[in-house]
Structure formats: C-alpha cells, structure tokens
Amino acid sequence: MPDFYGTHVPSRLMLGTAQYPSPAILAEAFRRSGAGIATVSLRRETAGGKAGNAFRELVGALGVHVLPNTAGCHSAREAVTTAQMAREMFGTDWIKLEVIGHADTLQPDPFGLVEAARILAADGFKVFPYTTEDGILAERLLEAGCEVLMPWGAPIGTGLGLNNVYGLRTLRAQFPDVPMVIDAGLGLPSHAAHAMELGFDAVLLNTAVAKAGDPAMMAEGFARAIEAGHLGLEADPMPPRDMAAPSTPMFGMGLLS
Amino acid sequence: MKIMVNGEPREIAAATLKDAVSELGYGEAKVATAVNESFVPATARGATMLAEGDRLEILAPRQGG
C-alpha cells in the first residue's frame, strides 16, 4: 500500500467528495470503495457557517485522511493563499496543489505549479501536485520539495482514461521510487486497473464515481479493478508478442486429416 | 466602513477582522479568512485592522475533487 510523506495509507484509491447525489450516497461510496483519502476544498461561507460545519462532520465520519485541494486557482499566489487557509481549516499540512493554466482544458500551469510548490514546501506543506506526465516538470517539482507526484490520466472530468500511456510509462520508469498517483480523467474501472498495471501507486478520482448511475457500486468497481490491476503488476505479466503462439501443445496431436 | 465580503459590498462598524467576522454573523463557525488576497490566521484576527475598501474572503470546508 502507498506511503505518502511517511504516512501509510491502507488503500490505493483516493476519492473526491464532490457532485454526489446526496451526502448518504457519498458516505456509501466511500464505505464500499475502502478509499483511504478524501479530497476536499474551501469555498465561500455564508453567515452562520452551517454548510461548512455539516460538511466537516460528514467528512470526519468517513474515517479517512483528508487532502484539501486548491481547485480553481489560476496563479501560484492564489494557490498558496488557499493552501494556507486549508491548513488552518482542516488541520493538515497535506495539500493537493492545483494551479490551472487554462479554464477549458484544466491543464496544469507548469510554471505556476513549480513556483507554488517551492513556496509551500518551504513553508512545511506536504505537496501533492496535480501535474502532467512531463518528465522535466516532474524533476522540477521534486527539486521544489514534492515527494509525491500526481500526473493526470486525462483532463479533469473527461472520463477518457489514460490519454498518454507512453508518457506515463516513461514517467514511471524515470522516477521508480517516487510515489505517484494518477489524478483525474479516469472514467471506468478498467482505466484504474491499467494505471495499476503500469506501476502507479494509487489513483484519485471523483466524477467517475459521483456521476455514475449508482455511485456506490461504481466505487466498489474501481476498488476491485485497482486490486486486480495491482495483482497483475505484482504477478510479473508475460511479455507481449506480435505473432501468435499456440498454448495447446502440438506434440501428440492425432493425424485426422 | 464599506468593505467587500466574499465579493459583496457590506457596511460594517467593526474595526478589527475578529470583530468583523462576528458582526457579519459567523459567530463560532469555523472559517478561514483572507484580507486583500492574503491569509490571516485565526490567531491574528484580533490584531488585524480593516480599512475602507478591504476585500475580505471568508471560506469554509466544501466538497472537492
């Protein structure tokens, strides 16, 4: 099971908390998935603070690690301020760092991401950067103090799966000892299984579960796929080949034609 | 004085951030604050003076991916 900044997490599934049909379905999705980490955010509060308190209680009852995000931030400064507010609000120095470069693609801004990661790591944050599969950017993030990388599978909310398998495989091979989480873009359990087969340590998803017709069932589906994919990796898969090779022995075959 | 609170203009009597949060109705709610795009820890609210036109953001936990 993955180890993030010295914290052992008992699941390879990290689950978002947004877009569920109801709080009860959210809780059921977490229960059936066995997810070990829940991502959360900070948003404007109305007088009284009832919404924030209710959500805090809901997440607290899940019994999982909380990973606040900086979703929606488009500059390093905005992300740093959000992270500082989240640290106080959630009482954790973990931060899922998002610095978005473009509103339509939700592609990370690599320059702002590294800048914010450097500031936050120096301030004691344990940064989980939402990044791309770019190896040079990964190197810069590690230099900035990140000890976990979270490359995207596909743009947030698309459900397209692993868009650049070659790039992800190369990134995994380039930094074999860095815990890596496929964050965003997954739509089906098979996508998560594929991520595991490529050697990634965990996956982070939200929309694929929350927007399924039966979110709790989909959450369990992802959990099983993650286990299957990881077992496949550990079992040392056969090498692929182009030409067919019969599995049934030819020796001893009767002459019947 | 007139300040912006979560993007809306508000008239407040309070001079400090701590008093403003209370006056605005947040009471004992657990919230995080920023003034003019800079984080102000809860422990520093009492010593943080507000000025005309300040931009105050009051945030709390929400769903996130």
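## Close-ups of a predicted two-chain model

The accessible surface of chain A adds up to about 12,100 Å², and carbon and sulfur atoms own 57% of it. Keep in mind that everything here comes from a predicted model.

**View 1. Chain A as a whole, with its 9 helices and 10 strands.** Laid along the principal axes, the C-alpha atoms of chain A take up a box of roughly 85 × 40 × 35 Å. The radius of gyration is 20 Å, which agrees with the value near 18 Å that a compact globule of 257 residues would have. Buried residues account for 51% of the 257 in this chain. Among contacts with a separation of 6 or more, 65% link residues 24 or more positions apart. As for charge, chain A carries 18 positive and 27 negative side chains, and the centres of these two sets sit 5 Å apart.

**View 2. A:Lys96, a lysine in strand β6 of chain A.** Strand β6 covers residues 94-97. Is this lysine buried or exposed? A:Lys96 counts as buried because its relative accessibility is 3%, under the 20% cut-off. Its side chain has a polar contact with the side chain of A:Glu98, at 3.3 Å. Looking beyond residues up to four places away in sequence, A:Lys96 touches a mixed set of partners, including A:Thr39, A:Asn69, A:Phe128, A:Tyr130, A:Met150 and A:Asp183. One of the residues it touches, B:Gly65, belongs to chain B.

**View 3. Helix α7 of chain A and what its buried residues pack against.** Helix α7 runs over residues 189-197, and its buried residues are A:Pro189, A:His191, A:Ala192, A:Ala193, A:Ala195 and A:Met196. Which elements do the buried residues of α7 pack against? They meet strands β9 (181-183) and β10 (202-205) as well as helix α9, again in chain A. Just past the helix, A:Gly199 adopts a positive phi of about 100°.

**View 4. A:Gly229, a glycine in helix α9 of chain A.** Helix α9 spans residues 215-234. A:Gly229 has 1% relative accessibility, so it counts as buried. Leaving out residues up to four places away in sequence, this glycine touches A:Ala193, A:Met196 and A:Glu197. Two of those names are already familiar from the previous view: A:Ala193 and A:Met196 are on the list of buried residues in α7. For a sense of scale, the C-alpha atoms of A:Gly229 and A:Val209 are 18 Å apart, with their positions 20 residues apart along the chain.

**View 5. A:Glu115 in helix α4 of chain A.** The helix here is residues 110-122. A:Glu115 has a relative accessible area of 45%, so this glutamate is partly exposed. A:Arg140 is 25 residues away in sequence, yet the two C-alpha atoms are 9.7 Å apart in space.

**View 6. B:Thr33, a threonine in strand β3 of chain B.** Strand β3 takes in residues 32-35. With 0% relative accessibility, B:Thr33 counts as buried. What does its side chain do for polar company? A polar atom of the side chain lies 2.9 Å from the backbone oxygen of B:Val40, and a 3.0 Å polar contact links the side chains of B:Thr33 and B:Arg45. Neighbours within four places in sequence aside, B:Thr33 is in contact with residues of its own chain, among them B:Leu17, B:Val21, B:Phe39, B:Leu56 and B:Ile58. Chain A joins in too, through A:Met85.

Terms used: Residues are numbered from 1 along each chain as its sequence is written. Chains are lettered from A and ligands numbered from 1 in the order in which they are written. This is a predicted model: local features need pLDDT of at least 70, side-chain atom pairs count only at pLDDT 80 or more; totals for chains, interfaces and linings use all residues. Side-chain values use heavy atoms; hydrogens and water are left out. Helices (H or I, at least four residues) and strands (E, at least two) are DSSP runs, numbered from the N terminus. The radius of gyration is taken over C-alpha atoms; the globule rule is 2.2 Å times the number of residues to the power 0.38. Buried means under 20% relative accessible area, exposed over 50%, partly exposed in between (1.4 Å probe, protein chains only). Contact means heavy atoms within 4.5 Å. Accessible areas come from the Shrake-Rupley method with a 1.4 Å probe; for residues, only the protein chains shown count as cover. Lys and Arg count as positive and Asp and Glu as negative; His and the chain ends are not counted. The place of a charge is taken as NZ of Lys, CZ of Arg, CG of Asp or CD of Glu. A polar contact is a pair of N or O atoms within 3.5 Å; within protein, one must be able to donate a hydrogen and the other to accept it, and residues adjacent in sequence count only if both atoms are side-chain atoms.
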